[in-house]
Every structure is written in structure tokens, then in C-alpha cells.
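Colleague: I've got this one open on my screen and would like to go through it with you. Can we start with the strands and work outwards from there?

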Amino acid sequence: MNALAARRRHPAAIALLILVGLLVTGGAYAFLAPKEANASAVSADTVAEGKNLFLANCASCHGTNAQGTASGPSLVGVGAAAVDFQVGTGRMPLAGPNIQAQRQDVDKIKFDDQQISSMAAYVASLGAGPSVPDSQYTTVIQPGDQKEAGQDLTNNQRIARGGEIFRVNCAMCHNFAGAGGALTRGKYAPSLTGVTPKHMYEAMVSGPQSMPVFNDQNISPESKQEVISYLKAVDNQTNVGGLTLGNLGPVSEGMFVWLFGLTLLIGCAVWLGKKAA
Amino acid sequence: MNDNETTAHGESGALAPAGGDGALETRSTTELDRFENPGLPPHVHRAADDDPKAAKRAEKQVATLFGLSMLSTLVFLVGYFAIHDDWVFFFPGLGQAKTLNVVLGLSLGFALFFIGIGAVHWAKTLMSDEEVVEERHPLGSSEVERAKAVKVVTDGGESAQINRRPLLKYSLGGALGLFALPFVLQVAGSLGPGNVEELKETLWDPKYNDGKPIRLFRDPERTPIKLSDVTLGSVFHVMPETMEKVYEEGKHVLEQKAKAAVILIRLNPDDIKVQKAKDWGVDGTVAYSKICTHVGCAVGLYEQQTHHLLCPCHQSTFDLTEDCAVIFGPAKRALPQLKITVDDEGYLVAPQGFKEPVGPSFWERAR
């Protein structure tokens, strides 16, 4: 105890104290935060099952008829694509009040595919909206010089065109490599690494949260497939050397240089100026 | 630091009550006397200075560092020829990395690094570190030396007969002067008045389409947009139909694109609070210049729920419901709106172009 008391004015003490405080509050929150009840109602009729799941898990915010309340928007006309995206990526049901819903790891997603598609069927029955995409357009185009049936362009050319469409329509928020980026007031465009092609497609047609809608008249289904294939090609490409630093551009590169580069230079300068023993 | 300050205060405090010029002067001289030239600190010998064994050890260390550099260079040379361009391997922190680039980069870096620290280690352990005093000496040459130099030049001119033959002198001057003229003109010309009118107009001006309204084309697909394509919450990145001619000619494509870029957004008409913005759009579909009025970045980050347009460069934020007025950031003016209507075939067209120059400010903007 005496040793602790003697070091309480050490410069690192305050930093250590803050760190301990943060860990304790964070841990307590994770332990005490309300957990969602995992309801699973079984019904022969898909829409009816979806409705039951909806009433149990979603109605408290979106209203018993999905008409929307003060705490959640109306779901009439958002379509099956929106439900499949929001629930399938674990964004919904919302774990707690937050500036924006976050993608969850696969093991934290509360519903299985069948339950999600029942809920999607129920929401789709409320009003016309974008549906879950055809698997034809969510198949990733594999890089190569071959052409697929009915295509004028080679696979590589199609992926390159996807990149062009991505840079004009998406890169301003999601970054040229799909690494994501900041929006206003704490909102952000998420990273697109590891997102399934189906969910990318659904995000484009449904426009979740801050994201605008890119319907099939704006970016055709084939172009969407090309955009998705571009992102997957970026994910799979070989690093030609050098740290990517998250592909975030000047911010992370500048920080790296300031923290590590300058520290190294100052260390060298100190060593050079020191007399040998 | 603190100690110094208290001493300084103490001294000035002691000076003040002494009073009288004479007293102060004597006081300061005595005080000055107290500062003696401390001289150089006593020279401390290094281990390698006295102990031949330590010196031998230092020598070996330096040689080892240089040897490591040689080894790295050999790795570089062998790697350059032996490693195939297609090879990849897993490198922690990089992921799948190209073997050739990583090996060449690291070996070259280490080769140079070991030469550097070898030299420094040599200097710190073996090279003489005796302190020496070097007096300053005047930098200018002596009078005799200077006169000699002037004589060399004048003698040269004399033997070249430059003073006796003015024709040669002036024709050489003319040749050199004329040769410099194009360079001078280029620099001076670039300072002069540019074509300011180019900054004030874009390809959205109907004069580029024989006076007819100009269709809105998707970028980069280059296809016209129907009003019915633009559903609620949609964003289209738009170029004018007149860009087609520019693409064909292939000249100044980027300059024209950089001025004509437009963002087309549909929101609920009731959300638009400014009547002019509503009138210049169709059913809540509005078009605005995508070029930031601050320094001209592309303002493309549209938040569907807040209806804010954010510029990625300096975070200027424009509120679409307020006719794109600036609500945050360094931009000073709202984004210019492009009036749009629908033509007979249902395609969106711009009938009148921008009513003010797009993009950042320039001196002649208002004139």
C-alpha cells in the first residue's frame, strides 16, 4: 500500500486510473445492458409467422401495424430487401439507443434465415417495396479474361466498370476501397469488407439509415453485380507491398508518420547527440 | 526553470532600492564579474580510448554492421533475379503480400540502415571526440587577390576584343535576350488576365445545345434519366447531355466535368422549405451543383434522413431542405440550384443552366 501511495503522483497514474475507470464502466454496461428476448414463434403460414415475430421483436418501436412510432419509422413499403438487410446483418433489432445501428457478427444475429424471410414476407405484404435480389445478380464475377454468357465485356472489364460506378456513386462515403468513412455528427458510412453480396445489393435498393436509395433504374441490377464484384476483387487483391493502414488515405498515413516516423527520427537525433560511454 | 525565475526576480528587487545611477552601475559591474567563462567541461575518456580491448570490440561491432549491410545488398541482388513476379506470401500486418516487393524493399532498407548506424557507431566509439576550439577568420579574400580576379576578367574581355568591336557585343546581347524572351513571356503571361468568362459558364448553358433544354445524363453510364426513375430518397450523379460532344472531341473533358457535375436528389416535396427550390424542381426532385463553394471539391455525401449534403474535404454541410444553405463548415455560399423540368418523353431536362457561377469564389465573380 505504501508503494502505491508513493507512486500516486506519477504522471502515468492519471492515465492508468482513467483506463481502469473505462474498463469498469464498459464491463458493467456489457453485463447489465438489457438483452433482447429471443422469441421464435412457429406457424404454418409464413406471413403469419412473420407477423408474430414482428409483434414480439419489432412492434415496440415500429408499432403493432408497422405504421411507425416516435422511436421507429414506418415499415410500410420498405419491402423485403430492407428487412433482410437490417435483420440479416444484425442491425435490427436495435440493441440499445445509438447514433446508428451497427452490423453485428454472424453469431450475434438473433434470427435464422427462415425467420428473417418470414418477417420479410410480412413486411412486404404491407406495401410494395424492393424485394430480396435474385441470386443471379448477387453472384460475384470472378476476375479473368473470359466472358460470361450474354456479356459483351470480359469479367475483368465488368469489374473495372463496377469500380467506375462505385467511385462516382459510393466512394465519397464508403472510401475508394470500401473502407468506410465519417459522416456528420457521429454518423458514419460502414466498411464494406466482409459484407455479403446479397446485403450490399439490398442496401443499395433500400437505402438504410443515412444511405440514399440506388434503385434499379439508377444503377441496373447488372451494374450492381459489377459494383459488388469490384468490392470483392478489392478485398481479395494481393498487397503489392507496404502497409495499407486501413486504406483510409491521408488521415491514417499522417498519423502513422507523426507517431512512428517522428518518434523514430527524434530517437535517432537523441542518440546521435549523446556522448558515447 | 522556476529557480531561475525566482533568482531573476530577487535580483531586480535588490537593484531597485539601491537607487542613483552610480550605485546601479557599480552594482552591475560586480554582478557581471560573477559570471566567469566556465570553459569546456573536463574531457572524459571513452572505454575505447584507453582500453585496446574495448577498441577492438568496437571495431568488430562496426565491421559487423557493415557486414550486415553487405548481406542485405546480396539478398536484394539475389531476390531481384530469383523471385518470380507472381509469388505472394502471408506477411503479418500486410496480409497476402507480393514477395518481390516486400523482399526488395526490406533488403534495400536494411542495406542502407546498417551503413548508417555502422558509421554513427564508428564515430561515437573510435573517431576522435577531443573538444577543439576553432577561431573565426575573415571570409573575404585579400585586396591583392581581388584585384587579380578583376584583372583576369578584364584581360579576357580585352583579348576577346569586346570593347573594340561593339557590333559583336550588341549582337550577342540581342541573341541572348531574344532567347530569354519566350520564357519571360510565358511567366508574365500566366500572371495576366485569364479567361474569366470560362469560370462563369458550364455546359448546362442551353447555348451548347442550340438553345434547347439539356437532358440530365447518368454518370458514368451516360444515359438519360426519366422522372419516374428517381424514387424517393434516390441520389443520381449527373452530367449534362452536352458532355457527349466533349467526350467525342476528347478535349478538356475533366475541366468540363469538374464544372458541370450535378447531384439529383428526390425528397418529400413538403420537406423543402424554400419556394424557389421547390419551383425549380419537379415533385421534390431537385438538382444542385456538386461543386463545393468553398474550394471546389465534389459534395457527394448525402444523408437521406437528415437531408444534409456533406463535403468530404472540409466538412462544409449544406441543408437540402433550405435550398442547400450552408449550415456548417468553411463554405460561404449555398450550392447553386439547377432548374429542371420534364420534356415530352418524360426525361428530365435543364431549361436554363445555372444562374450564377458554380464552384469556389474568384475575384471577378460578381462582375
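Colleague: What is the bridge partner of B:I214 in β13(B)?

Modeller: Keep in mind that we're looking at a predicted model. Strand β3 of chain B covers residues 214–218, and 2 bridges tie β3(B) to β13(B), residues 348–350, in an antiparallel run. In that pairing, B:I214 sits across from B:A350.

Colleague: And which residue of β4(B) is the bridge partner of B:L216?

Modeller: That's another antiparallel pairing, with 3 bridges joining β3(B) to β4(B). The strand β4 of chain B spans 235–240. Within β4(B), the partner of B:L216 is B:P240.

Colleague: Why is β3(B) described as largely enclosed by the rest of the structure?

Modeller: Burial here takes 20 or more other C-beta atoms within 10 Å of a residue's own. In strand β3 of chain B, residues 214–218, that label goes to 5 of the 5 residues, so the strand is largely enclosed by the rest of the structure; the state asked for is buried.

Colleague: Moving along chain B, which strands stand at the edges of the open sheet of 4 strands?

Modeller: The order in chain B is β7-β8-β9-β10, with antiparallel pairing. Two of these strands have a single partner each, so one side of each lacks a neighbour in the sheet: they are β7 (301–303) and β10 (325–328) of chain B. As for the twist, neighbouring strands of this sheet are turned against each other, direction ignored, by an average of 30°.

Colleague: Which residue in the turn between β9(B) and β10(B) has a positive phi?

Modeller: Start from the ladder: β9 (residues 317–319) and β10 of chain B run antiparallel, joined by 3 bridges. B:T317 stands opposite B:F328, while B:D319 has B:A325 as its bridge partner. The two strands make a hairpin with 5 residues between them, and the turn residue with a positive phi, about 60°, is B:D323.

Colleague: What does UniProt call residues 280–349 of chain B?

Modeller: In the model, that span is 0% helix and 34% strand, and its end C-alpha atoms are 11 Å apart. The name comes from an unreviewed UniProt entry, which lists it as "domain: Rieske".

Colleague: Which element gives the largest share of the side of chain B that touches chain A?

Modeller: The contact draws 35 residues from chain B and 26 residues from chain A. On the chain B side, at least two residues each come from β2 (95–98), α5 (99–125), β4, β7 and β8 (308–310). That side divides into 14 nonpolar, 15 polar and 6 charged residues. The largest share, 6 residues, is from α5(B).

Colleague: Over in chain A, how far apart are the C-alpha centres of domain 1 and domain 2?

Modeller: The domain assignment puts domain 1 of chain A at 46–126 and domain 2 at 133–237 + 248–263. They do touch, with 13 residues of domain 1 in contact with 10 residues of domain 2. The domain 1 side of that contact splits into 6 nonpolar, 5 polar and 2 charged. Centre to centre, the distance is 25 Å.

Colleague: What feature does UniProt place at residues 45–127 and 157–235 of chain A?

Modeller: Residues 45–127 of chain A are 48% helix and 0% strand, with end C-alpha atoms 18 Å apart. For residues 157–235 of chain A, the figures are 53% helix, 5% strand and 17 Å between the ends. The unreviewed UniProt entry labels these spans "domain: Cytochrome c".

Conventions. Residues numbered from 1 in each chain as written. Chains lettered and ligands numbered in written order. Predicted model: local features only at pLDDT ≥ 70, side-chain atom pairs only at ≥ 80, totals over all residues. Pairing = 2+ DSSP bridges. Axes fitted to C-alpha atoms, helices over the stretch in contact; angles between N-to-C directions. UniProt positions renumbered as here; feature names shortened; annotations may be inferred. Contact = placed C-beta atoms within 7 Å. Nonpolar A, V, L, I, M, F, W, Y, C, P; charged D, E, K, R; others polar. Domains from an automatic or database assignment. Buried ≥ 20, exposed ≤ 12 C-beta atoms within 10 Å, placed from the backbone.
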